[in-house]
Amino acid sequence: CIMNYNKYNSELKKIMKRYQFTLYRKRKHLTWIHKSGLRIHTSASPSDVNTLRQVERSIKRRLVSL
């Protein structure tokens, strides 16, 4: 079951806001920038139902390494 595009976008925005990221650029991928200058790239559309969990896991790993 592939996630609805609008549902994906709203959930992704909530996750990014929780970790203090703001949308920097929107093309084929979304580029998010953190207040520390860290940039994260995410897909503009979901590939599967685990996409949001993978994004959040990636954020946690990258923020710990700062």
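Here is a walk through the strands of this predicted model and then its salt bridges.

Let's start with the strands. S1 covers residues 21–26 and S2 covers residues 29–34; the two run antiparallel and are joined by 5 bridges. Getting from S1 to S2 takes a hairpin with 2 residues in the link. If you want a spot to check the register, look at Leu23, which sits opposite Trp32 in S2.

S2 also pairs with S3 (residues 39–43), again in the antiparallel sense and over 5 bridges. Here Thr31 has His41 in S3 as its bridge partner. The S2–S3 hairpin has 4 residues between the strands, and Gly37 in that turn shows a positive phi of about 100 degrees.

Now for the charged side chains, where the count comes to 3 salt bridges. In helix H1 (residues 5–18), Lys7 and Glu11 lie 4 residues apart, about one turn of the helix, and their side chains meet at 3.6 Å, N to O. Glu11 also forms a salt bridge with Lys14, with the closest N and O atoms 3.4 Å apart; that pair is 3 residues apart in H1, again about one turn. Together, Lys7, Glu11 and Lys14 make up a network of salt bridges. As for accessibility, Lys7 is partly exposed at 46%, and Glu11 is partly exposed at 23%.

The remaining pair to look at is Glu56 with Arg18, whose side chains meet at 2.9 Å, N to O. Glu56 belongs to helix H2 (residues 51–64) and Arg18 to H1, so this salt bridge ties together parts 38 residues apart in sequence. Glu56 is buried, at 19% relative accessible area, whereas Arg18 counts as exposed at 53%.

Terms used:
Residues are numbered from 1 along each chain as its sequence is written. This is a predicted model: local features need pLDDT of at least 70, side-chain atom pairs count only at pLDDT 80 or more; totals for chains, interfaces and linings use all residues. Side-chain values use heavy atoms; hydrogens and water are left out. Two strands pair if DSSP finds at least two bridges between them. A salt bridge is a side-chain nitrogen of Lys or Arg within 4 Å of a carboxyl oxygen of Asp or Glu. Buried means under 20% relative accessible area, exposed over 50%, partly exposed in between (1.4 Å probe, protein chains only).
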